[in-house]
Amino acid sequence: MRQRTFDVLAVVGVFVAYTATIRLAMGLDLAGCLLGGAANTIPVVIFGVAVRRIVAQRLVGRAAGIQLVAHLLLCAAFTALSYLLLIVLLGLFNGAGPDGFVVRPFSLSGAAWQSLENVTTYALIAAVSYLQVPDRAQLALHRESTGDDAAVAIAVLPASAAEAGRPAVPDAPAAESEARADGGLSRYFVRIGDELRPLDMDTVVSIGGADDYAEVRTQSGKHLVRVTLAEFAKSLDPAKYVRVHRSWIVNTHRIARAEPAGGGRLLLHMDNGQTISTSRDGAKLLRNRVI
């Protein structure tokens, strides 16, 4: 729900900004400003959604060189396609008549300005996409804001070690923790600074990760865990937790509803308001549970 609210507010903000700019710069009447605002906003929405999905599902966690090349190609495609759709929409909105409408390209200076605007818009969309996906960049942001590495160096600890008072191993993977008879763990602890706090796995909604870190999202908050998602997955109860994407494990008991997302994928709405897009293989794992 929060994700959807953010998206709606972002679209409204883009539309209002374009409409107001056209009014101030060109002095058109209200109808002309609204049509111009819509023509500029529609390409941003259509291609912005595509960019966000590609970044979240294909780029996060990849090598820096791969991401750089991919962003250069995506930015070029976003810039060109947004410009082409814009001039088509302007022709449709402003020049439609009985015989059709005329698509007129911008002048050279106008096209250059529009391209710069599209590149800037792409950069903003890509940046927001990274912020909405768990990644090592989030750890850096926490460190910069707190100034204390210990406050965010959170590690999963086995219940037996914590309860026996043995020294904590900061990088101990979840897979080394004490297992229950059903394949899950008896209990998790997280280290926050010098404190050990129990983590109730029944409250876990999702676990996202990239590289050497995972982010455990509960109904009340989130914890960064110094363990890979693959290692975390080995210690979880497979009857309850499903890896629905390269970057996501979900608690099936916390899925409020699921809807088709195209291409054989599903969009999961979790009961904490989070939305998660599955891969095709992840969707198959969930569909196998349908009765």
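A residue is taken as buried when its relative accessible area is under 20%, as exposed when that area is over 50%, and as partly exposed in between. In this predicted model, Y83 comes out at 15% relative accessibility, so Y83 counts as buried. That makes Y83 a handy place to start, since its ring also takes part in one of the aromatic contacts described next.

Searching the whole structure turns up 2 aromatic pairs. One of them is formed by F78 and Y122, whose rings sit 5.9 Å apart, centre to centre, with 55° between the planes; this pair is tilted. F78 belongs to helix α3 (residues 64-95) and Y122 to helix α4 (residues 108-131), so the contact ties together parts of the chain that are 44 residues apart in sequence. F78 and Y122 are both buried. The other contact brings in Y83 and F106: here the ring centres are 5.6 Å apart and the planes meet at 85°, so this pair is edge-to-face. The label follows from the cut-off, because planes over 60 degrees apart count as edge-to-face. Y83 sits in helix α3, while F106 is in the loop between α3 and α4, so parts 23 residues apart in sequence are tied together by the pair. The two partners fall into separate burial classes: Y83 is buried at 15%, whereas F106, with a relative accessible area of 28%, is partly exposed.

Helix α3 shows up again at the surface. V88 is found in this helix, and together with L92, F101 and V103 it makes a nonpolar surface patch of about 280 Å². V88 has 33% relative accessibility and so counts as partly exposed. That value also clears the bar for patch membership, because patches are made of residues with over 30% relative accessible area and no salt bridge.

Helix α2 (residues 30-59) offers a buried position and a partly exposed one. G32 has its place in this helix and is buried, with a relative accessible area of 16%. The C-alpha atom of G32 is separated by 8.8 Å from that of F93, although the two residues are 61 residues apart along the chain. R58 lies in helix α2 as well, but at 41% relative accessibility R58 counts as partly exposed. R58 is also one member of a patch of positive charge on the surface, where it gathers with R62, R243, R246, R280 and K284.

Turning to charged pairs, the count comes to 6 salt bridges. Among them is the one between D202 and K240, whose side chains meet with an N to O distance of 2.7 Å. D202 lies in the loop between β3 (195-199) and β4 (204-210), and K240 in the loop between α8 (229-234) and β7 (241-245), so this bridge ties together parts that are 38 residues apart in sequence. The two ends are covered to unlike degrees: K240 is buried, with a relative accessible area of 12%, while D202 is partly exposed, with a value of 43%.

What links E215, R217 and K222? These three residues are joined in a network of salt bridges. Within it, the side chains of R217 and E215 meet at 2.8 Å, N to O. Both ends of that contact are under cover: R217 is buried, with a relative accessible area of 18%, and E215 counts as buried at 2% relative accessibility. A further salt bridge joins E259 to R257, with the closest N and O atoms 3.7 Å apart. That spacing still qualifies, because the cut-off for a salt bridge is 4 Å. E259 is partly exposed, with a relative accessible area of 26%, and R257, at 43% relative accessibility, counts as partly exposed too.

Last comes strand β5 (residues 213-218), where Y213 has its place. Is Y213 buried or exposed? With a relative accessible area of 11%, Y213 is buried. The C-alpha atoms of Y213 and F232 are separated by 9.9 Å, and the two residues are 19 residues apart along the chain.

How values were computed
Residues are numbered from 1 along each chain as its sequence is written. This is a predicted model: local features need pLDDT of at least 70, side-chain atom pairs count only at pLDDT 80 or more; totals for chains, interfaces and linings use all residues. Side-chain values use heavy atoms; hydrogens and water are left out. Patches are made of residues with over 30% relative accessible area and no salt bridge: like charges are joined within 9 Å, nonpolar side chains (Val, Leu, Ile, Met, Phe, Trp, Tyr) within 5 Å. Accessible areas come from the Shrake-Rupley method with a 1.4 Å probe; for residues, only the protein chains shown count as cover. Lys and Arg count as positive and Asp and Glu as negative; His and the chain ends are not counted. The place of a charge is taken as NZ of Lys, CZ of Arg, CG of Asp or CD of Glu. Helices (H or I, at least four residues) and strands (E, at least two) are DSSP runs, numbered from the N terminus. Buried means under 20% relative accessible area, exposed over 50%, partly exposed in between (1.4 Å probe, protein chains only). Rings of Phe, Tyr and Trp (its six-membered ring) pair if their centres lie within 6.5 Å; planes under 30 degrees apart count as stacked, over 60 as edge-to-face and the rest as tilted.
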